[in-house]
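Hi everyone, thanks for coming. Today I'd like to walk you through one protein model, going from the whole chain down to single residues. Please have the picture open while I talk.

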Amino acid sequence: MLARRIFKCPMHAPFISTLAAAVLDGAIWIGRPPEQHELPGLTVYLPTQAAIEPLKLALLAQSPNGATFLPRIRVLGDADPLELFAAYGTRMDAAAALELLENALAVPPAFDELERRVQLAALVMNASQSLLGTRLAHEPLYTPITPASAFAMAGQIATLIGEAHETGADLARIGQLDSSRASGSEQLSLQLLRNVLRGWQAHKAEAGKLDSEERRNRLMAIEAEFIRQSDAPVIVAGSTGSVAVTVGLMEAALSRPHAALVLYGLDDAETAAESHPEHPQHGLKLLLARFDIRGGAVFPLSAPELNAGPGGEDAERRARFLSVALRPAPATAGWAPYIETLRRDAGSPAPGLSVVEAGTVQDEAAAIALILRECLETPCQTAALVTPSESLIARVRHALAQWGLGGGTSGDAGGPDSLAARAISCAASGKPDDLVELLRQAQGEGASRLRHAAEVIDLGVLRQMWRPVSLAGVPAALSRAEHAISSGEARHQAMKRVGAAEWDAARSLAARVIEALAPLTAMTKRAPLPDWLAAHRAALEQLVGLGLFHGESAALAALEQAAARSFALDLTEYAEFFAQVAVARRSRASEPTHPRLFIWKPLDARLLSADVMVLAGLNEGCWPQMSGPDPWLSRNDRKFVDLPPAERRIGRSAHDFMALAASAPRVILTRAKKENGSLTRPSRWISRLQALASGAGKLEALRPAQPWLDWAAAHRAPGKAEPAARPQPRPPLAARPRRLSVTAIESWFANPYAIYARHILGLDPLRLPGETSDARDKGILYHAALHGFFEAFPRELPEDAAASLLGKLDRAAEELGFDLGNAPFWRPRFARFAEWFADSEATRRADAGMLKSEVGGKLRFETPGGPFEITARADRIDRLGDGRLQIYDFKTSTNAAKVSAARGAPQLALEGLLAKEGAFAGIPAGASAEMFYIVATGGEPPGEIVTLKVPCAEAIEAARTGTLKQIVRFDSEATPYAYETRAIFREKAENDPFAHLARVREWSAEADDSEASDE
């Protein structure tokens, strides 16, 4: 008699439409078509919220004139005492109804999920402290855990608690487990779990609250009693009975005459494989066994007419194929007779089903987007993507966006929670980079002003050598930047374009943000979580006042309700902990912008269907997700406490997959062979489908009718591109520079395009973001230190010359605003060089009558194109007693000095030319010059003198002749400033910051290295 109240939707039929037709037919609940006024008395239970609206629309669509009264449609487990009384109280004994209502209202409230995780995290921290002293053979077995790790572990324990409530398991039995044969670490984990669960039970009793699943169970038990005692009609549809208390509600409903149970995805085929937890029918067979009913005794519902897709026989053929293919491995021996049947039959073994295997995830997403877009070309046709992969959904959204179909991005990367997390991260790290990123994310009323200030700080602080190591140094660094502009030290045009008002605004804002974060940064010791929350709240209120963002941080508000005083953290731990909470609470958008296009997770897609279903991400580990070992309980331990095996989750996933693959008119299964550069394994379900079809010689039948991957590749492929020609800029003579430094002239020889970019276009590269120090900073510091030393001691050396020189380095760093802590090896290496320099400097000064440092000079050439001026600033010039000059250039790299000496680089030779011509102030013309490099490495050796490989007079004359030829050459407008990579300047060319501007990679791929000039 009970079986007459249990029905099933045919595997090939859309569940929602079939259920709607059965409700309006009335045969399954009152035995006749209902009157309109009878429908509101019916209660229909569904397993997911996502199915409620589609059922309402299906009822309206199948009703005469598209209008009808609707039944009550509710989600299983979402019981409200007043709604229960309204639905059933009027159709049962009044006294009994009031008693049940009182019982329902007396059920204690539930913990918010975040509150539970925070309290469990506190218990994990406390329990771990008690295990810290545990040792084995004098080695610690348990190390301290961070609050962020405790929060993650609390999530695992909360899942275990929820699973126990769902299945009716008794976690109290964990205390009775015999762990004598477990390893030391397993025993400690089990002890930690016992302590946490014991503490959790005590906390629940003290707080007077229940687990959310526990409260649901109590209310559903009362709901079942309401149903049992009333004569109100009830339909429970789509549930597999995976939650134990739901089975009790079903039994209560089936005890009444006007009630029905409609099963989802029940297969008629009887097989021994159903006893395996991974089988898609395992859960339903357990449910029917509870009712003492065999699957063949369940009545099928009449399916409504389908608009598209395979006919009834084809649909049943596909469902049968899926049923056989998804049997677990131990049952595949039964494939043989079925394969013989497939070989005899013509046509596809699974009409309407195809498999697309893409090379990469990007290819898979592109093909899926094309499939979904093509479906929308047919009027009224619907399409859906179902996958558990967030990353694949994001890729498909991005691909759909080109047609305006992508919808919003998932997550709330710019929401209040993310900004609150970024603020605490900035306070914890104390890095200027995080301050800039915080200001760049501004979304309040003054967002544009704050973002502009962020760029000023980025330019004036992060990309300069005076970059501070902490937030506190940002205002001073901005002042240093402004001073560098006014003094002419900063020559970059981007710096000069920032006005005084902008520097003041950025400096004021930085100081106010630092002050706003003070409630957090002032707490230097570990403190209870509520204290951190109060400080965080105070900081955020001040940041809101600055216009940084608006709105309330839901994560912070929830934590304030859930905080545990026993949970102590420091600032860094609190930042990591809050970031975990913000991620855990992040909401994700799931709907695209087209009304006929859907993107679902497998749980949301349960009971739903579309004309075209794309089941994607079908790789092992994604769908199905690998069950893996339980982090707390072994297989035997789970069995002891009556928890189901981990494979049961795979069985539920297989049930969803099978139902989705069988019910839609067209189904396309997709996977990627590689993800993130690594090979993937196809989902066991795809492997079995292909193996079964291959055995029958019909693997080709599973190939899609359209070449989706080829079309997607063609759609994504760029048009034919001709190789770019090497840039040949030929600016007019009036735009070409008539004044260059000796350093720029060396660049001119190495690569004329660099002169075009820097001196004609006015471009100057900025320091890379996040780059704390570079070789240029090192050269500036070392040169400044040596110059300061020479100015202080132009003739006689001090007693402790090395210490004096090292002191000049410290003074130069202070004046330049450079924190030597950013380059911890520079000062010790310079100290070694200072010792070498002090030992050798007396010899160099023995015959020197004059010492000049950082001396400037300029030399004018008269050329056919007009006057051309060469400027120089010599690091050091000595005049010997016989009138000869010695010119020194300081290098911080031995390799750079030796390469320059060997290749005849013109910089030092041109300085010799200016000295010979009397172009340096205070130095008479006519003196012969010797030229040297002083290398300050601080390595081994710590210092070195490098001489030119050619006679100095010859080098000077070659520099004069070559420079004049270069000037005359470029005085012709026909000469381009072409990009060159000349062999003697290979190192300079390879480090050219303008290579990307010249698009070198575009045209050099076609060029032969032999074409490069070796001159």
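I'll start with the overall chain, then move on to salt bridges, surface patches and a few backbone details.

One thing to keep in mind from the beginning: what you see is a predicted model.

Let's begin with the big picture. The chain is built from 39 helices and 22 strands. How far does the C-alpha trace extend along its principal axes? The spans are about 125 × 65 × 60 Å. We can also look at the radius of gyration, which is 39 Å for this chain, whereas a compact globule of 1015 residues would come out near 31 Å. As for the interior, buried residues account for 51% of the 1015 residues.

Here is one buried residue to look up. A575 sits in helix α24, which runs over residues 571-584. Is A575 buried or exposed? Its relative accessibility is 11%, and because buried means under 20%, A575 counts as buried. Now find P147 as well. In sequence, A575 and P147 are 428 residues apart, yet in space their C-alpha atoms are 9.9 Å from each other. That is a nice pair to click on if you want to see how sequence distance and spatial distance can tell two stories.

Next come the salt bridges. How many salt bridges does the count give? It comes to 56. I've picked three of them for you.

My first pick is R537 with E560, where the closest N and O atoms are 2.8 Å apart. R537 belongs to helix α22 (residues 529-545) and E560 to helix α23 (residues 554-562), so this pair ties together parts that are 23 residues apart in sequence. E560 has a relative accessibility of 33%, so it counts as partly exposed.

My second pick is R811 with E815, whose side chains meet at 3.0 Å, N to O. Where do these two lie? Both are in helix α33 (residues 801-816), and they are 4 residues apart, about one turn of the helix. E815 is partly exposed because its relative accessibility is 49%.

My third pick is E980 with R969, at 3.8 Å from N to O. Here E980 comes from the loop between α37 (952-970) and α38 (986-990), while R969 is in helix α37, so the bridge ties together parts that are 11 residues apart in sequence. The two partners make a good comparison: E980 is buried, with a relative accessible area of 17%, and R969 is partly exposed, at 38%.

Salt bridges can also share partners. In this model, such sharing joins E113, R116, K204, D211, E213, E214 and R218 into one network.

Now to the surface. Which residues gather in a patch of negative charge there? They are E799, D800, E835 and D839. Of these, E835 can be found in helix α34, residues 826-845. With 47% relative accessibility, E835 counts as partly exposed.

There is a nonpolar patch on the surface too, formed by L761, L763 and L997, and together they have about 220 Å² of accessible area. Look for L763 in the loop between α31 (752-760) and α32 (775-792). L763 is partly exposed, with a relative accessibility of 35%.

Last stop: the backbone. Why pay attention to cis bonds and positive phi angles at all? Because most residues other than glycine have a negative phi, and most peptide bonds are trans.

With that in mind, here are two cis peptide bonds. One runs from W623 to P624, with omega near 5 degrees, and P624 is in the loop between β14 (612-615) and α26 (635-640). Another runs from E940 to P941, with omega near 0 degrees. P941 is placed in the loop between β21 (929-936) and β22 (943-947).

And here are two residues with positive phi. C380 is not a glycine, but its phi is about 70 degrees. You'll find C380 in the loop between α13 (361-375) and β10 (383-386). Its relative accessible area is 68%, so C380 is exposed. E854 is not a glycine either, and its phi is positive at about 50 degrees. E854 lies in strand β18, residues 848-863.

That's my tour. Thanks for listening, and I'm happy to take questions!

Note on methods:
Residues are numbered from 1 along each chain as its sequence is written. This is a predicted model: local features need pLDDT of at least 70, side-chain atom pairs count only at pLDDT 80 or more; totals for chains, interfaces and linings use all residues. Side-chain values use heavy atoms; hydrogens and water are left out. Patches are made of residues with over 30% relative accessible area and no salt bridge: like charges are joined within 9 Å, nonpolar side chains (Val, Leu, Ile, Met, Phe, Trp, Tyr) within 5 Å. Accessible areas come from the Shrake-Rupley method with a 1.4 Å probe; for residues, only the protein chains shown count as cover. A salt bridge is a side-chain nitrogen of Lys or Arg within 4 Å of a carboxyl oxygen of Asp or Glu. Lys and Arg count as positive and Asp and Glu as negative; His and the chain ends are not counted. The place of a charge is taken as NZ of Lys, CZ of Arg, CG of Asp or CD of Glu. Buried means under 20% relative accessible area, exposed over 50%, partly exposed in between (1.4 Å probe, protein chains only). The radius of gyration is taken over C-alpha atoms; the globule rule is 2.2 Å times the number of residues to the power 0.38.
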